[in-house]
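Student: I am new to this structure. Please take one part and walk me through it closely. I would like to see how it ties in with the rest.

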Amino acid sequence: MTVGDLGEFGFIAAIAARLPRGARTVIGIGDDAAVLATPDGRVVATTDLLVEARHFRRDWSGPADIGGKAAARNLADVAAMGATPVALLVGLATPGDLPVAWAQDLVSGIVAECGRAGATVVGGDVSSADTIMLAATALGDLAGREPVTRAGARPGDLLAVTGVLGHAAAGLALLGAGLTEPAALVTAYRWPRPPYQAGPEAAALGATSMIDVSDGLVADTGHVAEASGVLIDIDTARLAPGSDLLAAAARLGGSAPPGRAGPADEPGPADLARRVDPAEPAGLARPLIWMLTGGEDHALAATFPSGTVLPAHWTVVGQVRQGRGVRVDGQVFLGRPGWDHFI
């Protein structure tokens, strides 16, 4: 059975039947709009868009993976403000010949990732289109805390990260080369697992700025540096590539292009060739390039006052100094710092 066989409202009913209701939902799916309880009086809101053949490929990722990724990339932005994800609204456009089972698995992935974050789907929209498109809006609760923005980093602060770095970039490079091992890296690319709880935790620890690493550590800390009017220096000695990254680099050898631009999206073959740059900055091995410039892991990077005692899952990887921009080991980073849709 296809989506076209069900029709618009039959399809909506099939989706709605798979969505649990959240404790904060006053009015859920089935009306013109949802109504949520907002005890804090403020709502954190963010939105993102995924387009087939630009952000994902169905031959590389299953429907649950695509749904999980769509939810994760939105919910991570809420966490990066120091908030708790609460709700997700999802717009889906699809060809009418899409199998209903595929769409149901997509929804299952969205629901599963929302469950990880403590959020629920409260509404959305469906439409016909020539290709699959997902537009998601995430909402979050600050629970009385002040939002943690990109603009508060100060000279003397520490730069720390939590979550994995470079895994999705390595997974993209493996898939682009026709490889599927190490499997953990391919899985990380298909369905990232952001550390949602670390966002509110960082706020409680006094984080002065924070960002979701979606486009690459160099690129995203660059946004923090610009917003804060500071210099951020990343220390590669503190970036320890794990065994999977080292194994991936060994498997790819010297002939495959390094995925150093960061997989913010899942490209077609021609786009893949355009996005990667075979020239690596001198002295930096491919695993470090993945960690510095790879996106879509949705780790969190935050700055903290010097002397802050951080939990073990946070790793200090740099320092905030006087100046402007980002440095890597004190030097200007030569090469593309991360993903940009229009470069």
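Tutor: What follows starts from one salt-bridge network and then moves outward to other parts of the chain.

Keep in mind that this is a predicted model. Start with the overall frame. The protein has 343 residues, and 52% of them are buried. Its secondary structure comes to 10 helices and 12 strands. Among contacts with a separation of 6 or more, 86% join residues 24 or more positions apart. About 13800 Å² is exposed, with carbon and sulfur atoms supplying 56% of that area.

Now the close look. The structure holds 12 salt bridges. One of them pairs Glu-296 with Lys-69, and their closest N and O atoms are 3.3 Å apart. Where do Glu-296 and Lys-69 sit in the chain? Glu-296 is in the loop between α10 (286-293) and β10, while Lys-69 is in helix α2. The two are 227 residues apart, so the pair links distant parts of the chain. Are these charged partners buried or exposed? Glu-296 counts as buried because its relative accessibility is 1%, under the 20% cut-off. Lys-69 is at 2%, so Lys-69 counts as buried as well.

Next, two other salt bridges. Asp-233 pairs with Arg-321, with 3.7 Å between the closest N and O atoms. Asp-233 is in strand β9 (residues 231-234), and Arg-321 is in strand β11 (residues 315-321). The pair therefore ties together parts that are 88 residues apart in sequence. Asp-233 is buried, at 14% relative accessible area. Arg-321, at 40%, counts as partly exposed. Now return to the network: salt bridges that share partners join Asp-48, Lys-69, Arg-73 and Glu-296 into one.

The other bridge is between Arg-42 and Glu-146, whose closest N and O atoms are 3.6 Å apart. Arg-42 belongs to the loop between β2 (35-36) and β3 (44-51). Glu-146 belongs to the loop between β6 (133-141) and β7 (158-162). These parts are 104 residues apart in sequence, so the pair ties them together. Arg-42 is partly exposed, at 31% relative accessibility. Glu-146 is exposed, because its relative accessible area is 58%, and the cut-off for exposed is over 50%.

Go back to helix α2. Asn-74 is also found there, in the helix that spans residues 63-79. Its relative accessible area is 0%, so Asn-74 is buried. Which residues does Asn-74 touch, leaving aside neighbours within four places in sequence? Its contacts are Thr-46, Thr-47, Asp-48, Leu-88, Ala-136, Thr-137 and Ala-138. Asp-48 appears in that list, and Asp-48 is also a member of the salt-bridge network.

Now follow the chain to strand β10. The strand covers residues 299-304, and Ala-299 lies in it. Ala-299 counts as buried, because its relative accessibility is 0%. Thr-162 is 137 residues away from Ala-299 in sequence, but their C-alpha atoms are 5.7 Å apart in space. Beyond its neighbours within four places in sequence, Ala-299 is in contact with Thr-162, Gly-163, Val-164 and Leu-165. Its contacts also include Pro-195, Ile-211, Asp-212 and Val-213.

Ile-211 leads to another strand. Ile-211 is found in β8 (residues 209-213). With a relative accessible area of 3%, Ile-211 is buried. Leaving aside neighbours within four places, Ile-211 is in contact with Ala-299, Leu-300 and Ala-301, among others. Its further contacts include Ala-80, Arg-150, Asp-220, His-223 and Val-224. Gly-82 and Ile-211 are 129 residues apart in sequence, with 9.6 Å between their C-alpha atoms.

Turn to a pair of helices. Helix α4 (residues 167-176) packs against helix α5 (residues 183-190) at an angle of about 105°, with the axes 7 Å apart. That angle falls between 65 and 115 degrees, so α4 and α5 are roughly perpendicular to each other. From α4, the contact is made by His-167, Ala-168, Ala-170, Gly-171, Leu-172, Leu-174 and Leu-175. From α5, it is made by Leu-185, Val-186, Ala-188, Tyr-189 and Arg-190.

Finish at the surface. Val-26, Ile-27 and Val-35 make a nonpolar surface patch of about 220 Å². Ile-27 has its place in strand β1 (residues 25-27). Ile-27 counts as partly exposed, at 35% relative accessibility.

Conventions. Residues numbered from 1 in each chain as written. Predicted model: local features only at pLDDT ≥ 70, side-chain atom pairs only at ≥ 80, totals over all residues. Heavy atoms only, no water. Helix = DSSP H or I, 4+ residues; strand = E, 2+ residues; numbered from the N terminus. Buried < 20%, exposed > 50% of the residue type's maximum accessible area, 1.4 Å probe, protein only. Contact = heavy atoms within 4.5 Å. Patch = residues over 30% accessible without salt bridge, like charges linked within 9 Å, V, L, I, M, F, W, Y side chains within 5 Å. Areas by Shrake-Rupley, 256 points an atom, 1.4 Å probe, with all protein chains shown as cover. Salt bridge = Lys/Arg side-chain N within 4 Å of Asp/Glu carboxyl O. Axes fitted to C-alpha atoms, helices over the stretch in contact; angles between N-to-C directions. Parallel < 35°, antiparallel > 145°, perpendicular 65-115°, else oblique.
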